[in-house]
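Q: Could you take a close look at the place where the protein meets the DNA? I'd like a connected walk through the contacts rather than a bare list.

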There are 2 protein chains.
Amino acid sequence: MRKSNKHTKIIEAAITVFAKKGFFSARISDIAKEAQVADGTIYLYFNNKYDILISLFEEEIGKIILEIKLLLENATDPREMLHIFALHHMQLMAEHKELAEVLQMELRQSNKFMKEYRNTKFIEYVDVVSAIIHKGQEEGVFRQSLLPGVFKRAFFGALDETSRLWILSPDHHYTIDETASQISDIFITGIMAKG
Amino acid sequence: MRKSNKHTKIIEAAITVFAKKGFFSARISDIAKEAQVADGTIYLYFNNKYDILISLFEEEIGKIILEIKLLLENATDPREMLHIFALHHMQLMAEHKELAEVLQMELRQSNKFMKEYRNTKFIEYVDVVSAIIHKGQEEGVFRQSLLPGVFKRAFFGALDETSRLWILSPDHHYTIDETASQISDIFITGIMAKG
DNA sequence: GACTAAAAAATGAACAAGCATTCATAAACT
DNA sequence: AGTTTATGAATGCTTGTTCATTTTTTAGTC
């Protein structure tokens, strides 16, 4: 067995192919070719095409969650934590464009064609934000009237859409850091407690 | 010819079917059955399956743009305009859940499988927001440092993701009005000029 | 109004292509 | 020699699209 096993090679190939064509237009043979294995080999590591996508979600989002939680350990101020989350999210998407495209495109429609699949990993990721809001409210830094459940989605949605734009547009008028700061600034200023 | 023509019936059926199954899992025969026409009839009104989706986008977003522009004519304060946009967007999505699902799911991946298609209608919609920001900056109500091109996406992304959550979750903890106010409040407070 | 012929609209069974999945066979390890 | 891993051609199902045929509408004539 090679150092980099086939499972990983196939997942990486799938990211590339799904990013380019989208899940449904992607053929198993495309992924096989990209991973430099035979079509049949894929079925030794995954049950079916859906299973590749699900494994991809679980593994990649799992890594992202570990990273962001580790980064947040160094911060205590909820405002700083929000900024770290924003910056890290944008940087991650910018550095891994193919993964970003797959997550942004396929994640939200995955529950359409895979009825039984609940994406708990994604929920876990977004809940990092609501935890920060909660902490900020307890410390009196953020307004009590804020609904953490609404905020987490609004914040994530803003980051998601902005990073999507950044990836798609060929000429970047602004840097990742500028964009992330712009967004976390708006949100942090917008939710601070009076005084 | 009936009062409601076949073109409209097919578009409406497509919204229902695409919302339930997603574009790729939806069969032409599903749409035909929902529209109460024969499979072949669809090809008298649309060139192919993609064409149904594109027509759906153009026509429905077109209507939405007309509506929001009309509503905004009554307002002059940029802050109020932002709130009107947020509230109207949320209300629209909540009242037309199926359309919302199709737009939220298929819109962003449409450029994946339809390479030649540029969604100008969508861009026009989001540009309504950047126009408001521009106006606010000219009047000195909003910070000059704001990047309207970033803001419009962040604002839209927040609304999009929040309305998506609202539609998906069966039990609504908050009303549409609460949610829209929450978001426009955060953004407006976050972007006001000092003093 | 009734009848008719030409045009337009609608039908749905049949076709053909695409592609996920399988499995008999081969290659690579142990 | 046996076991594991990999191959890729063949299979079979799914489904978008077509088109020969039928139904409906329109327009003209008496």
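A: Let's fix one term to start with: a polar contact here is a pair of N or O atoms within 3.5 Å. Keep in mind too that this is a predicted model, so every distance below is a computed one.

Start with DNA strand C. A backbone N or O atom of A:Ile28 sits 2.7 Å from one of the strand's phosphate oxygens. A:Ala26 also uses a backbone N or O atom, placed 3.4 Å from a phosphate oxygen of DNA strand C. From chain B, the side chain of B:Thr41 brings an N or O atom to 2.4 Å from a phosphate oxygen of that strand. Which elements give two or more residues to the surface near DNA strand C? They are H3 of chain A and H3 of chain B. H3(B) has the largest share, with four residues.

Zooming out a bit, there are 14 residues around DNA strand C, and the ones that come nearest are A:Ile28, A:Tyr43, B:Lys6, B:Thr41 and B:Tyr45. By class, the surface near this strand has seven nonpolar, four polar and three charged residues. On the DNA side, 72% of the strand C atoms within 4 Å of the protein belong to sugar or phosphate, and the rest to bases.

Now for DNA strand D. It has 14 residues around it, and A:Lys6, A:Thr41, A:Tyr45, B:Ile28 and B:Tyr43 come nearest. Two tyrosines deal with phosphate here. The side chain of A:Tyr45 has an N or O atom 2.5 Å from a phosphate oxygen of DNA strand D, and for the side chain of B:Tyr43 the corresponding distance to a phosphate oxygen is 2.7 Å. A base comes into play as well: a backbone N or O atom of A:Gly40 lies 3.3 Å from a base nitrogen of DNA strand D.

As for elements, helix H3 (39–45) of chain A and helix H3 (39–45) of chain B each supply at least two residues of the surface near DNA strand D. H3(A) gives the largest share of that surface, four residues. The residues there split into seven nonpolar, four polar and three charged. Of the strand D atoms within 4 Å of the protein, 72% are sugar or phosphate atoms and the rest belong to bases.

One side trip away from the strands themselves: A:Ser55, in helix H4 of chain A. Is A:Ser55 buried or exposed? A:Ser55 counts as buried because its relative accessibility is 12%, against a cut-off of under 20%. A polar atom of the A:Ser55 side chain is 2.7 Å from the backbone oxygen of A:Asp51. Setting aside neighbours within four places in sequence, A:Ser55 is in contact with A:Ile11 and A:Phe46.

Helix H4 (49–72) of chain A also turns up among the elements that cover the buried residues of H8(A), and so does helix H9 (148–168) of chain B. Those buried residues include A:Phe122, A:Tyr125 and A:Val126. A:Val126 is where a kink of about 25 degrees in H8(A) is centred. Just after H8(A), A:Gly140 takes a positive phi of about 80 degrees.

Definitions and conventions:
Residues are numbered from 1 along each chain as its sequence is written. Chains are lettered from A and ligands numbered from 1 in the order in which they are written. This is a predicted model: local features need pLDDT of at least 70, side-chain atom pairs count only at pLDDT 80 or more; totals for chains, interfaces and linings use all residues. Side-chain values use heavy atoms; hydrogens and water are left out. A residue is near a molecule or strand if one of its heavy atoms lies within 4 Å of it. A polar contact is a pair of N or O atoms within 3.5 Å; within protein, one must be able to donate a hydrogen and the other to accept it, and residues adjacent in sequence count only if both atoms are side-chain atoms. Ala, Val, Leu, Ile, Met, Phe, Trp, Tyr, Cys and Pro count as nonpolar, Asp, Glu, Lys and Arg as charged, and the others, Gly among them, as polar. The bend at a residue is the angle between axes fitted to the seven residues ending there and the seven starting there. Buried means under 20% relative accessible area, exposed over 50%, partly exposed in between (1.4 Å probe, protein chains only). Contact means heavy atoms within 4.5 Å.
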